[in-house]
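Me: Please take me through one part of this model closely. I would like the packing, residue by residue.

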Amino acid sequence: MCDAVPVEVELTEDDIPGASLGIRKPHELKVPELKQWLACRGASRSGKKAALIERINDYIRSGSAKRLVDPDREIHLQLKKRHLGVFPGASTCGQPPKVAVVLQ
């Protein structure tokens with residue numbers, strides 16, 4: 001008997017363009033960069049630059065900055081699954097793989 005093993009796919013800041021600040025500080029970024037960073041966390045992107053910077057600093061202080069969402073309708077998640085070989089059509093023991101998705 002063969003049991004399918006769930007595969008966990010986790011997105012990191014390296015998987016989504018604009019998800020990482022790198023070594024830069026929020027005040028060094030342009031408004032579109034600030035909005036992309038916030039979109040990668042599912043946060044509101046409205047407001048002027050000062051409000052965006054404050055929102056980012058709040059995320060960093062609270063520890064929420066590591067919780068990522070794919071802002072492009074799971075395109076980056078699908079790319080990572082394909083890269084890892086976990087995609088529709090792949091099979092484990094004759095069955096489609098069971099995938100548990102963790103966005104971090």
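The reply below looks at how helix 1 packs against helix 2.

Reply: This is a predicted model, with local features needing pLDDT (the predictor's confidence in each residue, from 0 to 100) of at least 70, side-chain atom pairs counting only at 80 or more, and totals for chains, interfaces and linings using all residues. Numbering starts from 1 along each chain as its sequence is written, and side-chain values use heavy atoms, without hydrogens or water.

Start with the two elements. Helix 1 covers residues 31–39 and helix 2 covers residues 49–62 (helices are DSSP runs of H or I, at least four residues; strands are E, at least two). Their axes come within 10 Å and cross at roughly 35° (lines fitted to C-alpha atoms over the stretch in contact; angles run from 0 to 180 degrees between N-to-C directions). The crossing is left-handed (the near helix is turned anticlockwise from the far one by less than a right angle).

Now the residues in contact (heavy atoms within 4.5 Å). Helix 1 contributes V31, L34, K35, W37 and L38. Helix 2 answers with K49, L52, I53, R55, I56, Y59 and I60. By class, 9 are nonpolar, none polar and 3 charged. Here Ala, Val, Leu, Ile, Met, Phe, Trp, Tyr, Cys and Pro are nonpolar, Asp, Glu, Lys and Arg charged, the others, Gly among them, polar.

Confidence next. Helix 2 is where it is highest in the protein chain, at a mean of 95. Strand 2 (residues 99–103) is where it is lowest, at 51. The chain averages 80, and 76% of its residues score at least 70.
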